Amino acid sequence: MSALKKGDLSPSEKELFEVITAGNVQEASRLLGCKDVRVNCLDEYGMTPLMHAAYKGKADMCKLLLQHGADVNCNEHEHGYTALMFAGLSGKTDITWMMLDAGAETDVVNSVGRTAAQMAAFVGQHDCVTVINNFFSRARLDYYTKPQGLEKEPKLPPKLAGPLHKVIMSTNLNPVKMVMLVKENPLLAEVEALDKCRRVMELICEKCIKQQDMNEVLAMKMHYISCVLGKCASFLKDREDKLDGLLKSLLKGRDSDGFPVYQEKFIRECIRKFPYCDATLLQQLVRSIAPVEIGNDPTALSVLTQAITGQVGFMDAEFCTTCGEKGAEKRCSICKMVIYCGQACQKMHWFTHKKVCKKLQEQREKQEAEAAKLRMQQNKEESKAVQDATDSMQELSVDTSSEVTPSNTAAETVTSDPASTPAAGN
Ligand SMILES: [Zn+2]
Ligand SMILES: [Zn+2]
């Protein structure tokens, strides 16, 4: 196979770029079987077929190209863009994930020093930023499932890698959701297993800080997970009601307004316990949280979530009050002020929500009454404005009719046109 040169394409390769643009996967598959088609060939700008497919948001095509050995880290583009950067720009989270899963480097920068995450953020593709910032490959975790050096057994029993990876990949940092993930897996919900996972999390955290291209975001996430797992272990050890007790503690709202004080304090403590005091991210988080009185916005969870996943304004109505999952649609039928992803979450929350539900209902009814009053007032003003407008329209039509009649004024101007004068004077 000849060396790759920009724009040096065989006729079949040119055709491949065309069918990628058209989205014809079948034809692309046929062409990739041809002898004179190199999967990593470069067009005149140094773009590979994979970069084209990623940029155009064609997931099936990306999959096909990767299966044919497309190099996900090819960096011949004239401005240093990689396939991951193109995926981020396309706004497709599935393609972004596919590139990462195929081994795309996240810290490569383009010709103006921007990473794929920064580029995606720049064009407002925040979901892709979240995917990139939170990616941690299974292979990186599996490293700990093999004995290293003189170890007789690995730090992480292989059977725990799957469930732990699921916790790591979650972009929902609500501790309730994390405890639920632990609870649903009997292998993980066990003191010894949790202690092992916690230690691995702290090791990865340390690695993220000490590696050459420091990743404070991932380090903070690993540390936070370690704290949650530690809390799970201590409840399993000391409490009769085990993880249900922890869930209850995390959800319990204070009497005055239902604000979950324990959860807020727990997350603040996790952040404060981050072992690398010099980290910029830690200082930033502490600065954002320290002046906020407990119960006010922003909550520690929202600050942490924004720092780690890049999600802004995530306390919006569409997030489950209990577990923080996105896309919640079921409202409490009484107060209609809280929203859940399902009945299980509503049930779990009721023990504490019932204390404020009535109060919230009254609050909403008062707000609605006020809004209705305001609307009525606005309607009145509007109808008055419409009346005024109609009146002035009528006046206007009277005015115009009086203006239309003297059409002879226009005729006069034509006759007195100076251009006609010289001819007449001749
Ligand atoms: Zn939920
Ligand atoms: Zn309610």
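This is a chat about the domains, annotated spans and one helix pair of a predicted model.

Reader: Before we start, what kind of model is this?

Author: It's a predicted model, where local features need pLDDT of at least 70, side-chain atom pairs count only at pLDDT 80 or more, and totals for chains, interfaces and linings use all residues. Residues are numbered from 1 along each chain as its sequence is written, while chains are lettered from A and ligands numbered from 1 in the order in which they are written.

Reader: Cool. Which domains is the chain divided into?

Author: Domain 1 covers 11–132 and domain 2 covers 139–312; such bounds come from an automatic or database domain assignment. Their C-alpha centres lie 33 Å apart.

Reader: And how many residues of each are in contact?

Author: Five residues of domain 1 are in contact with five of domain 2. Contact means that the C-beta atoms, placed from the backbone, lie within 7 Å.

Reader: Which helix gives the most to domain 1's side?

Author: Helix H8 (residues 126–133) does, with three residues. Helices here are DSSP runs (H or I, at least four residues), as are strands (E, at least two), numbered from the N terminus.

Reader: Switching topic: what does UniProt list as "repeat: ANK"?

Author: Residues 45–77 and 79–111, in an unreviewed entry. UniProt annotations may be inferred rather than shown by experiment. In the model, residues 45–77 are 48% helix and 0% strand, with end C-alpha atoms 6 Å apart. For residues 79–111 it's 52% helix and 0% strand, with the ends 5 Å apart.

Reader: Where's the "domain: MYND-type" annotation?

Author: That unreviewed UniProt annotation covers residues 320–357. The span is 39% helix and 11% strand, and its end C-alpha atoms are 16 Å apart.

Reader: OK, helices H13 and H17: at what angle do they cross?

Author: The axes of H13 (residues 216–238) and H17 (residues 300–309) cross at roughly 135° and come within 9 Å. Axes are lines fitted to C-alpha atoms, for helices over the stretch in contact, with angles from 0 to 180 degrees between N-to-C directions. H13 and H17 are therefore oblique to each other: under 35 degrees counts as roughly parallel, over 145 as roughly antiparallel, 65 to 115 as roughly perpendicular, and the rest as oblique.

Reader: Who makes the contact?

Author: Val217, Met220, Lys221 and Tyr224 of H13, plus Leu304, Ala307 and Ile308 of H17.

Reader: Any odd backbone spots? What's the peptide bond from Asp297 to Pro298 like?

Author: That bond is cis, with omega near -5°, and Pro298 is in the loop between H16 (280–289) and H17. Also, Lys242 has a positive phi of about 50° although it isn't a glycine; Lys242 is in helix H14 (residues 242–251).

Terms used: Two residues are in contact if their C-beta atoms, placed from the backbone, lie within 7 Å.
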